[in-house]
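Hi everyone, thanks for coming. I'd like to walk you through a structure that may be new to you, so have a look at it while I talk.

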Amino acid sequence: MIKIDYQELILIRLGEIALKGLNRHKFETRLISNLRYRLRDLGIFKIYQDQSRVYIEKRPQDQFDFPTREILQRIKDVFGYVSASPVRRFANDKDLLFTQVESYVAELYADGATHSFKFETRRIDKDFPLNSYQLNCDLGEMVLAAYPEQATVDVHNPDFLFQIEIRQEIYLYHEIQPAYSGLPVGISGTGMLLLSGGIDSPVAGFQMASRGLQLEAIYFHTFPYTGDQAKQKVIDLAARLGDFCGRLPLHIVDFTDIQLELNQKVPAEMLTVIMRRMMMRIADRLAEKNKINCLITGESLGQVASQTVAALRCTNSVVDRPVFRPLIGIDKNDTIKLAREIDTYDISILPYEDCCTIFVAKHPKINPNLVDCEQAEQDLVIEFLVEQGLNKIETIVV
Ligand code: ATP
Ligand code: MG
């Protein structure tokens with residue numbers, strides 16, 4: 001009887017990343033360091049790249065059990081690869097291959113239910129004594145003989161597609177966990193996300209992180225009009241976003257004095273858009289200071305009065321960085337769907353109001369223009385207010 005000896009590892013397939021030509025090495029290195037960061041409290045693993053794939057495995061010196069399931073769960077949140085599979089690897093030996101497949105399949109048929117299957121072999125090592133076709137047939141027959149009541153062959157849509165790769169060692173797997181794809185966070189630089197406690201801005205942050213942007217977040221807090229619970233909600237959202245994009249500094253601006261000043265000096269119908277302009281100016285200045293080249297918001301065209309084209313032009317005109325609004329053409333229902341999928345929805349809908357809902361005019365001007373804005377701001381000392389905001393920032397790293 002041959003000893004059943006195999007090593008568990010995780011195989012990660014690179015998609016778009018593999019196409020990046022000369023930058024490819026940079027992308028792979030970044031992906032590997034992001035994976036390492038995401039797994040940091042599970043242990044130190046050997047993570048390496050080989051032929052358009054990345055592998056995660058136990059270091060030879062480590063004795064603990066390889067936490068396959070926990071790793072798969074964690075790396076769901078990492079951008080920059082297409083799918084992952086838990087894999088068994090063992091020595092390149094024909095008899096061992098059959099014993100390994102036998103025990104692998106036994107675990108899957110232990111539930112007593114019927115399952116269809118198919119074998120797919122890639123024989124990279126051409127010295128292996130059986131060719132792919134023979135192997136698929138022989139292994140298939142072995143499974144049919146062992147589970148005559150449960151196993152059937154289905155070459156088109158099998159329940160289990162057993163994949164075998166014969167390289168220097170043999171790789172066996174069947175499970176494929178799809179990923180979000182995108183680009184590894186950090187590869188595209190950094191973006192400043194205007195993060196409120198709402199549904200949209202966390203999703204906007206997720207979208208841009210999936211294109212490789214590292215995030216910093218800025219939140220305008222209007223205590224006591226918005227309470228500690230509202231702030232905690234934003235911290236919780238930032239923490240969840242941090243699962244996707246790693247280290248995430250959250251800058252909390254004490255916005256109360258500025259908001260009260262606006263309430264006094266700005267006509268009610270212009271209040272929302274002027275408030276948004278103040279937020280954009282402060283975010284832009286902080287971005288300048290932290291060497292960040294773009295801003296991100298959760299705005300969506302026409303959703304509220306401050307998100308008409310005219311209003312967006314007013315908020316855009318006070319900053320010179322590009323403002324990314326990944327939700328601009330997205331239906332609210334689709335945003336909600338994504339928010340649920342990425343587990344930000346339940347935090348976002350907690351009923352603590354943000355300042356925009358408290359200090360909102362009954363009839364905001366729908367189509368403000370730049371002249372309207374300048375008039376509405378004529379009694380404000382803008383530079384003073386911006387400085388005031390910048391001087392009252394508390395930064396938490398989640
Ligand atoms: P959200 O669901 O993201 O709050 P919203 O539909 O409520 O968006 P607004 O309140 O008009 O829309 O805000 C538009 C965008 O402005 C938000 O998506 C967010 O990027 C930014 N924003 C609004 N309020 C704040 C705040 N208090 N702090 C930081 N950013 C904010
Ligand atoms: Mg909001």
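**Two domains and how their helices pack**

Let's start with the overall layout: the centres of domain 1 and domain 2, taken over C-alpha atoms, are 44 Å apart. Keep in mind as we go that this is a predicted model. The domains themselves run from 7 to 178 for domain 1 and from 190 to 397 for domain 2.

So what do the two domains share? On the domain 1 side, six residues are in contact with ten residues of domain 2. Between them, the domains bury about 650 Å², and 50% of that is on carbon and sulfur atoms. Which three residues supply more than any other three of the area that domain 1 buries against domain 2? They're Tyr37, Asp77 and Phe79, and they supply 73% of it.

Okay, on to helices. When two of them pack, we describe the pair by the angle between their axes and the distance between the axes. I've got three pairs for you.

Pair one is α3, residues 94-109, with α4, residues 132-146. Their axes come within 10 Å and cross at roughly 45°, so α3 and α4 are oblique to each other. The crossing is right-handed. From α3, the contact uses Leu97, Phe98, Val101, Glu102, Val105 and Tyr109, and from α4 it uses Leu135, Asp138, Leu139, Met142 and Val143. Sort the residues of that contact by class and you get nine nonpolar, no polar and two charged.

Pair two is α5, residues 200-209, and α10, residues 332-341. Here the angle is about 70°, with the axes 10 Å apart, and that makes α5 roughly perpendicular to α10. If you want to find the contact on screen, look for Asp200, Val203, Phe206 and Gln207 in α5, which meet Lys332, Thr335, Leu338 and Ala339 in α10. By class, the contact of α5 with α10 has four nonpolar, two polar and two charged residues.

Pair three is α8, residues 271-289, with α9, residues 309-316. These two pack at about 35°, and their axes are 8 Å apart. Left-handed or right-handed, the crossing of α8 and α9? It's right-handed. On α8 the contact is made by Val273, Arg276, Arg277 and Met280, and on α9 by Ala311, Cys314 and Thr315. That contact of α8 with α9 divides into four nonpolar, one polar and two charged residues.

Last bit: two oddities in the backbone. Most residues other than glycine have a negative phi, and most peptide bonds are trans. Now look at Ser52, which isn't a glycine but has a positive phi of about 60°. You'll find Ser52 in the loop between β2 (46-49) and β3 (53-57).

And where's the other one? Go to the peptide bond from Phe223 to Pro224, which is cis, with omega near 0°. Pro224 sits in a loop too, the one between β11 (214-221) and α6 (228-245).

That's my tour. Thanks for listening!

Key. Residues numbered from 1 in each chain as written. Chains lettered and ligands numbered in written order. Predicted model: local features only at pLDDT ≥ 70, side-chain atom pairs only at ≥ 80, totals over all residues. Heavy atoms only, no water. Axes fitted to C-alpha atoms, helices over the stretch in contact; angles between N-to-C directions. Helix = DSSP H or I, 4+ residues; strand = E, 2+ residues; numbered from the N terminus. Left-handed = near helix turned anticlockwise from the far one by under 90°. Contact = heavy atoms within 4.5 Å. Nonpolar A, V, L, I, M, F, W, Y, C, P; charged D, E, K, R; others polar. Parallel < 35°, antiparallel > 145°, perpendicular 65-115°, else oblique. Domains from an automatic or database assignment. Buried area = accessible area lost by both parts, 1.4 Å probe.
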